[in-house]
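Here are a few exercises to work through with the model open beside you. Try each task before reading its solution.

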Amino acid sequence: MGRAALLPLLLVAAAGRAGVSAAGGPEVRSLRGSWWLANGNGSVVLRGEVPGCVHTALHRRGLIQDPYYRFNDVTYRWISLDNWTYSRTFKTPFDDRKWQKVNLVFEGVDTVAQILINNITLGRTDNMFNRYSFDITSVIKEVNFVEVRFFSAVSYAAEQSRCHKAYSIPPACPPPVQKGECHANFIRKEQCSFSWDWGPSFPTQGIWKDVRIEAYNHYHLIYFSLTSFFEKSAQQWSLEIESIFDVVSSKPIAGLVTVNIPKLQTQQTFSVKLQPGEGSVVLLVNINKSSTVEAWWPNGHGKQTGYNMTTTFIMEAGYQIEKSSKAYFRTVELVQEPIPGSPGLSFYFRINGRPIFIKGSNWIPADSFQDRVTYDTYDTNCCGLEASELKLN
């Protein structure tokens, strides 16, 4: 018998809705829209959109030409070498005295920045792919001034490389013909923005995803995910549900969680207790054996069947949370077994028990500037698959 490593499928909560009851639910207000944008010495000041980046703001205001035109990637290198600041003033959209906790949340900051509100430093960012949340309960006012002071990603990567003495990390720089930037491996940023084999170098700075104010009492759901498993011994599908909460209360909060998947005739209720602080609740839901589960298949091998699922949290204090998502079921096995006449092992995947040829391909980013990418962009450019240096996390 060969060796097979069973890989569970991580099912991130699908693009469904997360709702709360009208009474007692959190206040959420987006700060997207028009911000002020200035370079390091204040010689360039303009309005910039959030989500957005410096390059697209300059282009939209007519201060630079199309970055893709001719050799503008080299001509506009000065943009990424400068340190830019996003700022705006906003009125607190609610009575902050009614809330136990108020957070300033950034879904995506590109990349190295200092975050301030009312001239108080909240923290720093250094990862384009992370979500950052800052507690502003004690510093928020009726009128607030928020700043995001960026530091050049090119300069930061170079400095990180200089500080690293233990061993070399290749490649130090891309080939000269790419006209790119060095030390991309020293920063958690979209790697292709430092250039790739035939792509331009545009090391962007900006707030590339939503930024918002969140205010809540008692507790708040901040993360939700699903993972499916097939238990061979029991011949049964299961779902592991992980929910991460921020609990403001100084005492544990008890309650009930009900998971309902109507098409699979599955409904289970769990007693839970949320501990003070940030922590997770993990639930195991067994799918009704009398229901036929249609597996998810790769494109061309079958349907991508998904099941509507509702998870409802009813706690003894606070408000009801209802999370709607999709559940998908599949098994993925990496098969490594001896090959007659060879010192090595096989390397292939079985999906739902069936060997499937999986060829390698990577996604060229649809645009060097992520704020210009929409779902329509993906619909019209989905087939442009070539080698890419996009690092996703």
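**Exercise 1. The hairpin**

How many residues lie between E5 and E6 in their hairpin, and which residue in the turn has a positive phi?

Solution. Keep in mind that this is a predicted model. Start with the pairing: strand E5 (residues 33-38) and strand E6 (residues 45-50) run antiparallel and are joined by six bridges. At one end of E5, find Ala38, whose bridge partner in E6 is Val45. Now look at the turn: six residues separate the two strands, and Gly42 has the positive phi, at about 80 degrees. To finish, follow E5 to another neighbour, strand E7 (residues 85-91), which runs antiparallel to E5 with three bridges. Here Leu37 stands opposite Tyr86.

**Exercise 2. Sorting the cysteines**

Find which cysteines form a disulfide, and explain why Cys53 and Cys192 do not bond to each other.

Solution. The cut-off to apply is a sulfur-sulfur distance within 2.5 Å. Cys173 and Cys182 meet it, with S to S at 2.0 Å, and the count comes to one disulfide. Next, check the handedness: the angle about the S-S bond is 105 degrees, and the link of Cys173 and Cys182 is right-handed. Then turn to Cys53: its closest cysteine sulfur belongs to Cys192 and is 12 Å away, so the distance is too great for a bond. Last, compare the accessibilities. Cys173 is partly exposed at 37%, and Cys182 is partly exposed at 24%. Cys53 is buried at 5%, and Cys192 is buried at 3%.

**Exercise 3. Classifying ring pairs**

Classify the ring pairs Tyr86 with Phe150 and Phe202 with Phe369 by their plane angles.

Solution. By the pairing rule there are 16 aromatic pairs. For Tyr86 and Phe150, the centres are 5.8 Å apart and the planes meet at 70 degrees, so this pair is edge-to-face. The pair links Tyr86 in strand E7 to Phe150 in strand E13 (residues 143-150), 64 residues apart. Both Tyr86 and Phe150 are buried. For Phe202 and Phe369, the centres are 5.2 Å apart and the planes lie at 50 degrees, so this pair is tilted. Both partners sit in loops, and the pair ties together parts 167 residues apart in sequence. Phe202 is buried at 1% relative accessible area, as is Phe369 at 1%.

**Exercise 4. Charges over rings**

Which ring does the charged end of Arg47 sit over?

Solution. Go to Trp36: the charged end of Arg47 sits over its ring, 4.2 Å from the centre. For another case, take Arg330, which lies over the face of Trp296 at 4.3 Å from the ring centre.

Methods:
Residues are numbered from 1 along each chain as its sequence is written. This is a predicted model: local features need pLDDT of at least 70, side-chain atom pairs count only at pLDDT 80 or more; totals for chains, interfaces and linings use all residues. Side-chain values use heavy atoms; hydrogens and water are left out. Buried means under 20% relative accessible area, exposed over 50%, partly exposed in between (1.4 Å probe, protein chains only). Two strands pair if DSSP finds at least two bridges between them. Helices (H or I, at least four residues) and strands (E, at least two) are DSSP runs, numbered from the N terminus. Rings of Phe, Tyr and Trp (its six-membered ring) pair if their centres lie within 6.5 Å; planes under 30 degrees apart count as stacked, over 60 as edge-to-face and the rest as tilted. A charge sits over a ring if NZ of Lys or CZ of Arg is within 6 Å of the ring centre and within 35 degrees of the ring normal.
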